[in-house]
Amino acid sequence: MALNAASHNIPGEKTGPISGQPPPLSNDAKNAILGATEADPEGQSTPGKDGGDRALLKKQKTEKELAKERAKAEKVAKFAEKQAKKKPEPAKAKEKKIKEKEEALPQYVEDTPKGQKKILKPLDDAYHKAYIPSVVESAWYDWWEKEGFHEPQYGPDGNVKQKGYFVIPYPPPNVTGALHCGHALATSLQDTMIRWNRMRGLTTLFVPGCDHAGIATQSVVENMLARREKKTRHDLGRKAFIDTVWKWKGEYHEKINTVLKRMGGSFDWTREAFTMSPELSAAVKETFVRLHEEKLIYRSDKLVNWCCRLNTALSNLEVDNKELEGMTKLDVPGYERKIEFGVMTFFEYEVEGTDERIEVATTRPETMLGDTGIAVNPKDDRWKHLIGKKAKHPFIKRLLPIFADEYVDVTKGTGAVKITPAHDQNDYNLGRKHSLEFINIFTDDGKMNDKTGEFQGQKRFEARYTVREKLKEKGLYHDKWENNPMTVPLCSRSKDVVEPLIKPQWWMKMDKMAAAADEAVTSGEIKIRPESAEKNFHHWMRSINDWCLSRQLWWGHQIPAYFIKIEGENGDDANDDLWVAGRSDEEAQEKAEKKFPGKKFELVRDPDVLDTWFSSGLWPFSTLGWPGDTREMQKLYPTAMLETGWDILFFWVARMVMFGIKLTGKVPFKEVYCHSLIRDSEGRKMSKSLGNVIDPVDIMDGISLDDLHKKLLSGNLDPREVKTATNYQNTAFPQGIPECGADALRFSLVQYTTGGGDIAFDVRVMQGYRRFCNKIYQATKYVLGNLPEGFTPQAKGGKTGKESLAEKWILHKFTIAAKEVNDALTAREFSHATQTAYQYWYDNLCDVYIENSKAIIRDGTEEERASAVDTLYTALEGALTMIHPFMPFLTEELWQRLPRRPNDETQSIVIAEYPEYDSALDDAESASAYELLLGCSKGIRSLLAEYSIKENGKAYVKVLDDASLAAASTNESTIRTLAGKALSQLDILGPSERPPTGCAVFALSSSAAVFVEVAGQIKDVDAEISKAQQKLGKANEAAKKQRKVLDAEGFEEKVSSSVLQTEKAKLNDLLAECRNYEETIEQFEQLKLG
């Protein structure tokens, strides 16, 4: 139902560069992040309700802004890929050795009893020395489930917690087979939101379940019966066939749940739902009966999409539209030869009582057997004299009125349009307007019926050719044709050409319900993101038609409607007055007796089932117990958020909104977030025939290339398609897919989500994040190994007043990262949230603080060591809780190994507190000072390396403001230490002082620059001048572009104050960089002269 392959893999062009792992952020990337501060808090939970504070709503990002943000993210990803390739060979060799050791180990066997808390093994154990996803991710989920961590927790008074509640009804997958990466994306995003809100102290509920997927499931089981037993459903009978489907459903349903658990989805499985369970079936009956009593559901003859192969009506979602540019021959099921489409053919009708003829054109000659009129434009001089006359049908005794209608386009075809009201939507509308006769000419299985004379019994597309031949015999066929671009509707299941047919069906009036749904979005009661999806929603709601509810299937909710077959009367089953609806046979009997008192009748229940979307439309509240007045309906409805693919916004989301408002009086959710659509790494739609559909389990567990090939052979692919798919797999996965684990997969998918555009999905990105998981694992191992024996952390994380500058810096970085992640998740800026968490872990904690704390822990005083370790614990514990919503397994494995703070009895990181911004840790001045030290030491190391100075290096730090001068002077020894052993002399210069002649410069910012004496190392001064001039040219060009950004009309009014300050600072840094290069060139010129 709600998450089928099409939800994530629609056809289209390539969508751009591959998104990948974010590197340490450049200034550009930092500015992109700061530029995203115009966030919208809609969907946030406040005490007692969902939806956030309306006063806090900010400007919605435009499509242009989203595109710019995506471009930034892609730029970051590309840079990450380059950085990965630049890693030194020794590191690669080491990684290879680790991998070989992992591969040499026997398969890991978890010895924790199912449901018990995991038995943690020593980190020097063979399976725990390095990060192995299957080892880390084992056992935790069963324990979480047994302990009830995923179930909603209420306050002492039985109400939701003080901070409010957050509920997501998971879009139920079709119970038709394996989940794909689209489901993995949805699970990752939704579970991130659930885990984040749970840790923030809200009452949370993530409702799992499956959809019975009527036509999809019945088609699969029928094909299975035909293949295995050479039987049809009719051979089994309805009851036996439905029993077979239930057995099949049980097997695949369990597979789906296993994958969702493997992904780490924190579902409350005690509330698992299925659209055909007794509880949800009761909700379906209640809805149908109630709306039938209100006359919103009615019986009528109307045009429907009909699949002759499956013998059922179809929803628009079950129809694939194949675009043709002109004459094309297509394979049609049941026909030996290919059938011609996209051709405009011409023939004539004789006009009654005259010698004249009227020429018409059609792409479907066979439908002329159902023609009941001819339309012409009243202004068309060729035909207007025939208006009011009648044409004679050449094969059937029937006269066709010739009438005028401005709908006819005089420039197309012949200007005269044959009208077949029973088999074309436009003709249907004209037929109603001009009271034409509606004649169905097809049987349900696509043959010509008894209304077609000599053509009766022929297949519809065979009749296409015989009709032409018969027209030729009568001299009415024009031996000419034209290419005609057209759309051929195909059944997505059978691939048969869909036929418009008039059928007595159940329909629902949609206009008033749609207006209420439209108003809910217009008023802001429901927020739809991104903005483009909201526009589509309004368009659909304002141009909606009545909904055909009937499906001629066996698997599904049998319609609770009964035809009253009155004795002695031949009632028309299209007559709504002869039907009653009932929640039970007894209720239907009572209604019929009341409707026709004293008459003898028989009640015949409609054998058809309801469209799958009918039961799906009740999902947000039927899963909470509606129509009962349950605790969940009282406390947890409306739900907070619905996250899904934009392509089912109308088919599913709109119906939930309409049903929710109509049946409960409330909107079903406060927010709809439409995620991106997944394509392969080459930007193509995912298709089994291309071999690019990837099972998320194969990414998590790993799979060899041979086993990927075997999967292709186990399916139903044509041999030619197998060859194509095999070639793709050989190219994309030459070594198979390595084990990446659930955490890396989740983090990758969330990182991909920028709020618009398609996802170019690449398994190599998951591999990159697997390495990131190893970084987290090894960093935590280091910290655990350096905690003093018997270490007990402070009762509360924070400052003691004894922190070094480095400690103040990491605590500042931590609290700012916490703020940015919280703000990003509030604004649904998922990619930004992951980039921020990644940057804190990788750039701040691992690459700087842990590295720089080693010396203090090794050589510092007892007080310094104690403070450094306390800060290290706080920074690490906060980092694990911060990234937990994205990486639940790894963080639980490591968090459980940390010593707990006094009186902290929290059982699991799942229910630990999420980091929040703490102003006491926000120390921008200290952070700036420490970053100056880091920048200086980095600049010195860079210049020493560039000029091959391995000893006796002389460096100068020139500062341009008092704060920087104080910071550099006070921490001169730290700069020396971080700069390395090659440095022997370091001088701090004030704003008015100049470094000696013969120095190379490393520009830091507008407040400082580093100079290193290189005079004795330079062999070619002109070459150095040229190098500096090139750098100056690039800096000047960058400054010019930056000035253009700031000078753009309306820029200051459009952006927030923080973004404006950042952009101005960027310009100042660039201008300072230019001045430093100019000074370097001047120095080299003097060196040349002297």
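## Exercises on a predicted model

D444 touches W306, C308, N311 and K503, leaving out residues up to four places away in sequence. The model used in these exercises is predicted.

**Exercise 1. Place D444 in the chain and describe its surroundings.**

Step 1. Locate the residue: D444 sits in the loop between α11 (425-433) and α12 (460-473).

Step 2. Check its accessibility. D444 has 33% relative accessibility and counts as partly exposed, because that value falls between the limits of 20% for buried and 50% for exposed.

Step 3. Look along the chain. D444 and N311 are 133 residues apart in sequence, and their C-alpha atoms are separated by 6.0 Å.

Step 4. Look for polar partners: the side chain of D444 makes a polar contact with the side chain of K503, at 2.3 Å.

**Exercise 2. Is E366 buried or exposed, and with which side chain does the side chain of E366 make a polar contact?**

Step 1. E366 lies in the loop between β11 (357-362) and β12 (373-376).

Step 2. Its relative accessibility is 0%, so E366 counts as buried.

Step 3. The side chain of E366 makes a polar contact of 2.9 Å with the side chain of R464.

Step 4. List the surroundings. Leaving aside neighbours within four places in sequence, E366 is in contact with I441, F442, M448, R460, F461, A463, R464 and V467.

**Exercise 3. How many disulfides does the structure hold, and why is C773 not bonded to C740?**

Step 1. The count of disulfides is zero.

Step 2. For C773, the closest cysteine sulfur is in C740, at 9.2 Å, which is too far for a bond. The cut-off for a disulfide is 2.5 Å between the sulfur atoms.

Step 3. Add accessibility. C773 is buried at 0% relative accessibility, and C1074 is buried with a relative accessible area of 5%.

**Exercise 4. Describe the largest nonpolar core and the place of W841 in it.**

Step 1. The largest nonpolar core has 169 residues, and F761, F772 and W841 have the most contacts inside it.

Step 2. Helix α26 (residues 830-859) gives the most to this core, with 13 residues.

Step 3. Not counting neighbours within four places in sequence, W841 is in contact with F772, I776, A779, T780, C846, L876, A879, L880 and I883.

Step 4. Another core, of 73 residues, lies apart from the largest one; among its residues are I528, M541, F601 and M658.

Step 5. As background, nonpolar side chains tend to be buried together in soluble globular proteins.

**Exercise 5. How do α14 and α19 pack, and which residues meet?**

Step 1. Helix α14 (residues 531-541) and helix α19 (residues 649-664) pack at about 70°, with axes 11 Å apart.

Step 2. The two helices, α14 and α19, are therefore roughly perpendicular to each other, because angles of 65 to 115 degrees fall in that class.

Step 3. From α14, A533, F537, W540 and M541 meet L649, F650, A654 and M658 of α19.

**Exercise 6. Examine the backbone at P530, P638, A139 and S948.**

Step 1. The peptide bond from R529 to P530 is cis, with omega near -5°; P530 is in the loop between β19 (527-529) and α14.

Step 2. The peptide bond from Y637 to P638 is also cis, with omega near 5°, and P638 is in the loop between α18 (631-635) and β26 (639-645).

Step 3. A139 is a residue other than glycine with a positive phi, near 75°. It lies in the loop between α4 (133-136) and α5 (140-147).

Step 4. For S948, phi is near 55°, again positive in a residue other than glycine. S948 lies in the loop between α29 (924-946) and β30 (953-959) and is exposed, with a relative accessible area of 53%.

Terms used:
Residues numbered from 1 in each chain as written. Predicted model: local features only at pLDDT ≥ 70, side-chain atom pairs only at ≥ 80, totals over all residues. Heavy atoms only, no water. Buried < 20%, exposed > 50% of the residue type's maximum accessible area, 1.4 Å probe, protein only. Helix = DSSP H or I, 4+ residues; strand = E, 2+ residues; numbered from the N terminus. Polar contact = N/O pair within 3.5 Å; in protein donor to acceptor, adjacent residues only side chain to side chain. Contact = heavy atoms within 4.5 Å. Core = buried A, V, L, I, M, F, W, Y, C linked by side-chain atoms within 4.5 Å. Axes fitted to C-alpha atoms, helices over the stretch in contact; angles between N-to-C directions. Parallel < 35°, antiparallel > 145°, perpendicular 65-115°, else oblique.
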